[in-house]
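Trainee: Could you take one part of this model and go through it closely? I would like to see how the pieces around it fit together.

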Amino acid sequence: MRRTVRLVVGAVATLLIVSGCSGSVDGPVIEGNRRTGGNTAEVLGVVIMEGDCIYLRQAEIDSRFPVVWPHRTSWNRAESAIKLPDGTLVYDGDHVYGGGGYHHEDTLAEYTVAKGVELALRCVDNQYGEVAVFNSGGDIDVER
């Protein structure tokens, strides 16, 4: 009996640890996982909220990219805003800047859960077929 209890407790603890690392979807916000390391590109643009999609608009290349936000980013329903891990609220029309990368369908699953990949791919409408991914744990500068 004790062994069964230990196995069940161990399995539940493992599940909680794994699920805590994997990101989520909260409203229109696609949260990234706690993946270590990072990409070296600049992820930037004007935030556009359109239905279930949140984009970063880059006027200089006339494109917009769905976004995977850093781990622990959430949707603030009361403010209709993105809540960054440090508590900063990001609104439609704000300009954001941080480190990260741009990914295609074949690598996106490394950065968020299947539901996040599905939402991001549904929102892709740029000529590159790419999604902007902020580095987990990286700082994001916000300008209104």
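Mentor: What follows is a close look at helix H3, the disulfide at its end of the discussion, and the space beside them.

The model is predicted. Helix H3 covers residues 114-123. Its buried residues are Gly-116, Val-117, Leu-119, Ala-120 and Cys-123. Seen down the axis of H3, these buried residues fall within an arc of 165°, so they line one face of the helix. The face turned away from that buried side carries the exposed residues Ala-114, Lys-115, Glu-118 and Arg-122. The cover over the buried residues of H3 includes strands S1 (24-26), S2 (29-31), S4, S5 and S10 (131-134), together with helix H2 (105-108).

Two of the elements in that cover, S4 and S5, return below. Start with S4, and with Cys-123 on the buried side of H3. The structure holds one disulfide, and this disulfide joins Cys-53 to Cys-123, with an S to S distance of 1.9 Å. Cys-53 lies in strand S4 and Cys-123 in helix H3, so the pair ties together parts that are 70 residues apart in sequence. The angle about the S-S bond is -85°, and the link is left-handed. Buried here means under 20% relative accessible area. Cys-53 has 13% relative accessibility and therefore counts as buried; Cys-123, at 3%, counts as buried too.

Next comes the space beside the disulfide. A search of the whole structure finds two cavities of 30 Å³ or more. The second largest cavity holds about 30 Å³ of space. Both cysteines of the disulfide, Cys-53 and Cys-123, are in its lining, along with Pro-28, Ile-30, Asp-52, Ile-54, Pro-66, Val-67 and Leu-119. Strand S4 (53-58), strand S5 (63-69) and helix H3 are the elements that give two or more residues to this lining. By class, the lining of the second largest cavity has eight nonpolar residues, no polar ones and one charged residue. The charged residue is Asp-52. Leu-119 and Cys-123, which line this cavity, also belong to the buried residues of H3.

For contrast, consider the largest pocket. About 180 Å³ of space lies in this pocket. Its lining includes Pro-70, His-71, Arg-72, Leu-84, Pro-85 and Asp-86, and also the run from Ser-136 through Gly-137, Gly-138 and Asp-139 to Ile-140. By class, that lining has four nonpolar, four polar and three charged residues.

Conventions
Residues are numbered from 1 along each chain as its sequence is written. This is a predicted model: local features need pLDDT of at least 70, side-chain atom pairs count only at pLDDT 80 or more; totals for chains, interfaces and linings use all residues. Side-chain values use heavy atoms; hydrogens and water are left out. On a 1 Å grid over the protein atoms alone, a cavity is a set of points where a 1.4 Å probe fits but cannot get out, and a pocket is an open set with protein on both sides within 12 Å along at least five of seven lines; lining residues have an atom within 4 Å of a point. Grid points are joined across faces, edges and corners, and a volume is the space filled by probe spheres set on the points. Helices (H or I, at least four residues) and strands (E, at least two) are DSSP runs, numbered from the N terminus. A disulfide is a pair of cysteine sulfur atoms within 2.5 Å. Buried means under 20% relative accessible area, exposed over 50%, partly exposed in between (1.4 Å probe, protein chains only). The arc is that of the directions from the helix axis to the C-beta atoms. Contact means heavy atoms within 4.5 Å.
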